[in-house]
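Visitor: I would like a close look at a single part of this model and at what it packs against. Please take one part, follow its contacts, and then set it in the whole.

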Amino acid sequence: TVPTELAIQLWQLVFDKYKNSMKLLSKWLEFCESVKDKDMKVVSKDVWEQIFDFLQETQSIDSYDDCGGAWPIAVDEFVEWCQENKK
């Protein structure tokens, strides 16, 4: 696992060159900031390994496909958070 605070910093650096193609990157980082001290104090290996693909493949919350549950639970929680904060 990786502490969420560190993961946020690393994602900002590593994904910087992809930010134009990752429409949900800023929302993902905002979500992580909002849960880093509560529900997601650390980022699991699954999230760490799959978030790049998720952000590349998913251009909007409306186009989200859970692939039959293939994404980590944190991604589902992110989608729910986005839908709740859309209102």
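Guide: What follows centres on helix 1, with the rest of the chain as its setting.

The model is a predicted one, in which local features need pLDDT of at least 70 and side-chain atom pairs count only at pLDDT 80 or more, while totals for chains, interfaces and linings use all residues. Residues are numbered from 1 along each chain as its sequence is written, and side-chain values use heavy atoms, with hydrogens and water left out.

The protein chain has four helices and two strands; helices (H or I, at least four residues) and strands (E, at least two) are DSSP runs, numbered from the N terminus. In sequence order the pattern of the protein chain is β-α-α-β-α-α. The protein chain has a radius of gyration of 12 Å, close to the 12 Å given by the globule rule for 87 residues, so it is as compact as a globular protein of that length. That radius is taken over C-alpha atoms, and the rule is 2.2 Å times the number of residues to the power 0.38. Along the principal axes, the C-alpha atoms of the protein chain fill a box of roughly 30 × 30 × 25 Å.

Now the part itself. Two packed helices are described by the angle between their axes and the distance between the axes. Here axes are lines fitted to C-alpha atoms, for helices over the stretch in contact, and angles run from 0 to 180 degrees between N-to-C directions.

Helix 1 (residues 4-14) and helix 2 (residues 25-35) have axes that come within 10 Å and cross at roughly 165°. This makes helix 1 roughly antiparallel to helix 2; angles under 35 degrees count as roughly parallel, over 145 as roughly antiparallel, 65 to 115 as roughly perpendicular and the rest as oblique. Their crossing is left-handed, a term used if the near helix is turned anticlockwise from the far one by less than a right angle, with right-handed used if clockwise. On the helix 1 side, Thr4, Glu5, Ile8, Trp11 and Gln12 meet Trp28, Leu29, Cys32 and Glu33 of helix 2. By class, the contact of helix 1 with helix 2 has five nonpolar, two polar and two charged residues. Ala, Val, Leu, Ile, Met, Phe, Trp, Tyr, Cys and Pro count as nonpolar, Asp, Glu, Lys and Arg as charged, and the others, Gly among them, as polar. Contact means heavy atoms within 4.5 Å.

Helix 3 (residues 45-57) is another partner: the axes of helix 1 and helix 3 come within 13 Å and cross at roughly 25°. Helix 1 and helix 3 are therefore roughly parallel to each other, and their crossing is right-handed. Ala7, Leu10 and Trp11 of helix 1 make this contact with Val47, Trp48 and Ile51 of helix 3. By class, the contact of helix 1 with helix 3 has six nonpolar, no polar and no charged residues.

Trp11 appears in the contact with helix 2 and in the contact with helix 3. At 2% relative accessibility, Trp11 counts as buried; buried means under 20% relative accessible area, exposed over 50%, partly exposed in between (1.4 Å probe, protein chains only). Not counting residues up to four places away in sequence, Trp11 touches Asp16, Trp28, Leu29, Cys32, Val43, Val47, Trp48 and Ile51. The C-alpha atoms of Trp11 and Ile73 are 62 residues apart along the chain and separated by 19 Å.

Thr4 is also found in helix 1 and is buried, with a relative accessible area of 0%. Leaving out residues up to four places away in sequence, Thr4 touches Cys32, Lys36, Met40, Lys41, Val42 and Val43. From Thr4 to Lys23 the C-alpha to C-alpha separation is 21 Å, over 19 residues of sequence.

Helix 2 has a further partner in helix 4 (residues 73-85): their axes come within 10 Å and cross at roughly 100°. That makes helix 2 roughly perpendicular to helix 4.

For the chain as a whole, 37% of the 87 residues count as buried. Among contacts between residues at least 6 apart in sequence, 66% join residues at least 24 apart.
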